[in-house]
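Student: Before we discuss anything, could you put the model on the screen, so that we can work through it by question and answer?

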Protein chains: 2
Amino acid sequence: MTELEKGATVAVVDKTLNTIDRWWRTANYLSVGQIYLLNNPLLREQLTRDHVKPRLLGHWGTTPGLTFLYAHLNRAIAERNQSTIYLTGPGHGGPGLVAASYLDGTYSETYSDITEDEQGIQKLFKQFSFPGGIPSHVAPETPGSIHEGGELGYALSHAYGAAFDNPDLLVAAVVGDGEAETGPLATSWHSNKFVNPTQDGTVLPILHLNGYKIANPTVLDRISHEELEALMIGYGHKPYFFEGGYDESEDILSVHRRFAELLDEVLDEIDAIKKRAAEGDTDRPMWPMIVFRTPKGWTGPAEIDGKKTTGSWRAHQVPLANARDTEEHLNDLRAWLESYKPEELFDESGRIAEDIRSLTPPQDLRMSANPHANGGLLLKELRLPAIEDFAIDVPVPASGMTEAPRVLGQYLTEVIRRNPDNFRIFGPDETASNRLQAVFDITDKQWNAEFLGPEVDEHMARAGRVMEMLSEHQCQGWLEGYLLTGRHGLMSSYEAFIHIVDSMFNQHAKWLKVTNHIPWRRPIASLNYLLSSHVWRQDHNGFSHQDPGFIDHVVNKKAEVVRVYLPADANTLLSTYEHCLKSKQYVNVVVAGKQPAPNFLTMDQAKAHCERGLGIWEWAGTEVAGEEPDVVLAAAGDVPTLEVLAAADILRRELPDLKVRVVNVVDLMRLQDEKEHPHGLPDRDFDTIFTQNRPVIFAYHGYPWLIHRLTYRRNGHDNIHVRGYKEEGTTTTPFDMVMLNDLDRFHLVIDVIDQVPSLGAKYAGLRQKMQDARIRAREYTRINGEDIPEVRDWVWPDAANQADSGSVDATLSTGGDNE
Amino acid sequence: MTELEKGATVAVVDKTLNTIDRWWRTANYLSVGQIYLLNNPLLREQLTRDHVKPRLLGHWGTTPGLTFLYAHLNRAIAERNQSTIYLTGPGHGGPGLVAASYLDGTYSETYSDITEDEQGIQKLFKQFSFPGGIPSHVAPETPGSIHEGGELGYALSHAYGAAFDNPDLLVAAVVGDGEAETGPLATSWHSNKFVNPTQDGTVLPILHLNGYKIANPTVLDRISHEELEALMIGYGHKPYFFEGGYDESEDILSVHRRFAELLDEVLDEIDAIKKRAAEGDTDRPMWPMIVFRTPKGWTGPAEIDGKKTTGSWRAHQVPLANARDTEEHLNDLRAWLESYKPEELFDESGRIAEDIRSLTPPQDLRMSANPHANGGLLLKELRLPAIEDFAIDVPVPASGMTEAPRVLGQYLTEVIRRNPDNFRIFGPDETASNRLQAVFDITDKQWNAEFLGPEVDEHMARAGRVMEMLSEHQCQGWLEGYLLTGRHGLMSSYEAFIHIVDSMFNQHAKWLKVTNHIPWRRPIASLNYLLSSHVWRQDHNGFSHQDPGFIDHVVNKKAEVVRVYLPADANTLLSTYEHCLKSKQYVNVVVAGKQPAPNFLTMDQAKAHCERGLGIWEWAGTEVAGEEPDVVLAAAGDVPTLEVLAAADILRRELPDLKVRVVNVVDLMRLQDEKEHPHGLPDRDFDTIFTQNRPVIFAYHGYPWLIHRLTYRRNGHDNIHVRGYKEEGTTTTPFDMVMLNDLDRFHLVIDVIDQVPSLGAKYAGLRQKMQDARIRAREYTRINGEDIPEVRDWVWPDAANQADSGSVDATLSTGGDNE
């Protein structure tokens, strides 16, 4: 290259830098306008108080940094033809992202009333954080967003989830330095030990070090450069440091030039890493990341009311809170808006100048229009095998013993085989513990840190369909990012510890609820949980591991997005999970224990049972056709089902004339009123099953109150007596656990005696017998350390008869471990 | 020192090292015994299957590392007279800590049936993870524990919480390398930016790098030494690396010597740091930490069934799962137990050899007997000022406007002044946002990272009573550690984001519940929440910040430990909080909005109201003495109270003959049956207030179902109609928010019309008027961006009259910001 040519290149770059700066000024102007202006959007009249919104609501501080990065990414994307999505951890910088998508043209394409002229800009401004308008955060309403950033901590987990199986995608993920203090974010840096450089996309973390939160400095801004650099290296990154906006003597084009060069260097390095990996280098690369240090509220008022504002926490929200109330603030606002020189940015009609628009990449390369950020557009239906191929043979009800998730694992193996690039399983170190280990016949755990060899590194590889890190936050965040970009997956976890992600579930459920009502957002696959290490079988771990309350937490969210299933055996679990994997826009919570348990239903029966959601198990009861039963014994959950059946067996033997109906519930939402939940059973059907006036003894998996809540509007609700977990437990035997909570078979029989009016005093003998059985069981356990054989070996009579004749398919697994 | 003297010293050390090793072997033997043995505890007969427990439940893998560290700390504690507590992140290593406290003598002092002889050891072994015995984790039952470690992630937060204001305390905190992958743990390293070297104690983090989780390697074990070192430096620590147990050619005494020397070096460095700080050096020190790399399951069987076990994930739980079932495993177990040479460790009676016992520090210096680990022993009552001194003047009900938490902040200022060393406020960057900023008149936010000067670093100092980091996990963990060691505090947070610590709350509530039933555990101060940025006023943030479900989550825990308060005004909040600060062994959830709201009760009235927990506000209703009301309007929460009063005002004007009773609930648990909750109102009292058969329109702060749940057993429950948050929201005006959820005054009037049988058709006109008012309010808001003046400026008539006469103490605050 000659000197002249080099000079020419620099000239082109200078012109581009100027465009970048003009784009940035426009985006910042549009951001400030959204926060403050009701009218007079382009300052074509003298700004008055009436032009200012009556309530000033939003966040300015992070916004100019987000728009700066967006501008520069635009340039690089167009030059490199690089498909890119943009995740903003500080999602409260919503005005910046709305402005960017307006600059992209996407906003007007998506919302036709927000036109590309002065009137459109006025509407754009007014609607922001305004009644009937749009939220102040980077919400589902914002084109290009898969991450609202309202609750902080998940930017990187979401980013990596989006990158998995998208080898050509770049995910630029801005991490706020406030957000960086959260736990989930602090561990999510380690995602780089899991991402695969050839089969997955690239995440470019950008730590936005603007130094302040609501009212405090940030930790990472107040440690030495050496410590921050060490931290990023320790996290496995090669950090690039950028600082701009502090040196007032530096021309803004120089700042842009420095960042453009740094960004090119970083993107070149990413390309080089990808190239090396494609050529077979399997060493984990030190992926680049950028520390982007710029003043909070950059380009805003330096001081307000004599106090430093730009470059301080005072710029966090709405710096000129009294712009409508005081002349001084109004003047400050006018000066601030005018500092962007809007007259240079918009034409007469209010359309953004063509040279500025030229920075926008074409079509789907626009970050606000990238289809990965509207994952439903890319969603492919899963190719699912027939569940019949994995069915357990059940010659008579309650026969054989199976670990239900183990069978599900066999089914998932085939799901993985048929869907090699858009289905993953996530979990915190528990895929095998939760009995899904069959999947390791066909895939591995993806791991890109060091290997020590097959002696200890079982089922691990550089690429695989199973993602395990000991962080429920990370697993949930990865899965969310994976689903939001149009793929499928599930997460398995301990039931008690899924509460760790209560608030992440909240945010995802809220996202789904809102997107249900945004026509251009296409449906995405449901988020599926499998909670198989549940409250009743924490034999190793005890009280701290016992909490069935996630279900309660979930049902507080909108009925349109939550589903809860409690399959009682293997075939029912298979049928349930097939349904979940086919579904869209839900959160499906499936609780199914991993310990050996009897099989009750054939696959045909299981499918019919799941179709109905609940039903009478005639074979288990003693009712007489055409007559109302004396009592209904209902169960939801595997352990309660076993106790209900054992209680029904006792009643059959002890009170053969009592008409007992046994009901099993797999879809918990069927209990609710049809007006409350789309799965709700019509009242007439509910009454047919549960009766209107007979006592219902309901054995439930979780906290008993939920059943009362769900059946509150039912006719017979006063007759429903619920047993469940009442927060009693320790490390003890399975039957001792149900006894501690009065959910055991003996107590259920006592409940029947106490609740059926026609029984009563003359059955005091049976009542005493049950009491004695409880005492005997407790004593035996205390002495022997295991459950009394009468309980441990109890088998449903029909199944026992079959077993005698040798025809039961006893699939009892050998493993009894319960990590 | 002469050569001879040096040699003498070495000889002493060698003897000590031998004792340490013998202590360690004893602890390991006792740990293995607990996991496996039912009988024959000292192998004084041939080991048979019958001596092995029928169910093998526990975790071996982490245990030998924990006991190794305990042994060495014992030596150092005694030599240095250093008060120390020991927190084990991998709390599933319970057998090791039980063994250590047995070696300390503490166990037998605490549990007199576990004697220091063979019979006692047999009981010690049998009870472990056995029905009727003790949990498998480092549970409340374990002397010396303040940290169960069941749910992973909080070891360091708890440790720092314990260290605050305990300048002479050393907290040795073991972090498992599995735990280190969790989010909360990953950010908790940054606690060192907050701890003060002179006024607080020292945390010594020990990263137990044994390389494996349940079924996977750990991330931190599979990155380079350089990365791990950088990570620890980046976290602000000076790492010391130790590796032991891998080199089979190294004598164990040499391993002990190396660790003893390293520990001395580390403790010397801590002393030097403390000394420098005491001399006035305010630079943040690089506190030492230890990377302790030893094999998982160290000293256990190298291989089992031909597979590498020690030094792999296979050692995590119970390596010889079939010890009772196969001869091979039984032989392996025998060899393993014998490898510790129990015959050298116990005397004939089964008492531990005196030389081994000599390693134990004296009395309270024993880590298992340190009073800090049974914080109630050290608890001092808070010196509380009279709340009357902070009372708002309320000449007539519903007068003035006050931000209630601002008044609480004034009260807390005096609490801090009177209790300068045992009371702290914790929160994620929101103390001022939540209106407690008065406390900064007397104290500061504690910050030991860099300062930039008073222009931006307001209310920050090296020591202070307010702890803010943008991590709810960190704040909660710090507070828990602070409380568990016998101090007082509170945590303020956004209502929606307190869900981030749902699972931490679970674990703390479970700890409290268990300790309630352990006589030697002394009561500790309650954990107090203040949720003042609540669901109804997320004007800046919208839907993602709206979730009142923490209350629902809390009430699933044992009634004996949870309390929920919804004070409706400033005086009621003061009285509530005084009660909370005096209480013990509870989790108190207080929800009180931070926006200006009317004052309803004088301090005397507020105290009486809080005493009762709920009551009739006669001044607000239109009932006639001695007659049943036609309808009850009940409210719980500040926003619902305002809407109920406005509805009552409309009814008074529009239907002057209707007998309306207004009820306000401050203590939510009063609604529950007295059999369900100790605060439950007797049925007769409940009926007196709510009537047995009149319609109750209940305006509730949170999800409506909770009120149904709490009142489920009440006589009149079918007549209770609840309005609350039904998961509808966005960034909009306060009144639009209540309208979106049908909680607004107009809708409450409609509810009255619909539910009072005597009204009906002839009041269709009023009903229509209310509908019109809703439409008008909605339209006005959509156009103007603020609430309709009729609503915004509504004032309770009596208060309005007073205001006209100029006597209302209008304490409306100037700030309207709502971060």
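**A strand, a loop and an interface**

Tutor: In this predicted model, strand 15 of chain A is covered on both faces, with A:Val562 and A:Val564 buried on one side and A:Arg563 and A:Tyr565 buried on the other.

Student: Why do the residues of strand 15 of chain A fall on two sides?

Tutor: Because side chains in a regular strand alternate between the two faces of the sheet, neighbours in sequence point to opposite sides. In strand 15 of chain A, one side carries A:Val562 and A:Val564, and the other carries A:Arg563 and A:Tyr565.

Student: Which residue of strand 16 of chain A is the bridge partner of A:Arg563?

Tutor: Strand 15 and strand 16 (residues 587-591) of chain A run parallel and are joined by four bridges. Within this pairing, the bridge partner of A:Arg563 is A:Asn588.

Student: Is A:Asp569 buried or exposed?

Tutor: This residue lies in the loop between strand 15 (562-565) and helix 16 (570-582) of chain A, and, leaving aside residues up to four places away in sequence, A:Asp569 touches A:Ala404, A:Pro598, A:Asn599, A:Phe600 and A:Leu601. Because its relative accessible area is 4%, and the cut-off for burial is under 20%, A:Asp569 counts as buried.

Student: How far does the backbone nitrogen of A:Phe600 lie from a polar atom of the side chain of A:Asp569?

Tutor: The side chain of A:Asp569 has a polar atom 3.5 Å from the backbone nitrogen of A:Asn571. For the backbone nitrogen of A:Phe600, a residue that A:Asp569 also touches, the separation from a polar atom of that side chain is 2.7 Å.

Student: Turning to the two chains, how many salt bridges are counted between chain A and chain B?

Tutor: The area buried between chain A and chain B is about 10800 Å², of which carbon and sulfur atoms give 53%. One of the salt bridges joins the side chains of B:Glu227 and A:Arg284, at 3.0 Å from N to O. The count between chain A and chain B is 18 salt bridges.

Student: Which helix of chain A gives the most to the side of chain A that touches chain B?

Tutor: Between the chains there are 76 residue pairs in polar contact, both residues being at pLDDT 80 or more. Several elements of chain A each supply at least two residues of the side that touches chain B, including helix 8 (225-234), helix 14 (502-515) and helix 23 (764-784). The element that gives the most, with seven residues, is helix 14 of chain A.

Conventions:
Residues numbered from 1 in each chain as written. Chains lettered and ligands numbered in written order. Predicted model: local features only at pLDDT ≥ 70, side-chain atom pairs only at ≥ 80, totals over all residues. Heavy atoms only, no water. Buried area = accessible area lost by both parts, 1.4 Å probe. Salt bridge = Lys/Arg side-chain N within 4 Å of Asp/Glu carboxyl O. Polar contact = N/O pair within 3.5 Å; in protein donor to acceptor, adjacent residues only side chain to side chain. Buried < 20%, exposed > 50% of the residue type's maximum accessible area, 1.4 Å probe, protein only. Contact = heavy atoms within 4.5 Å. Pairing = 2+ DSSP bridges.
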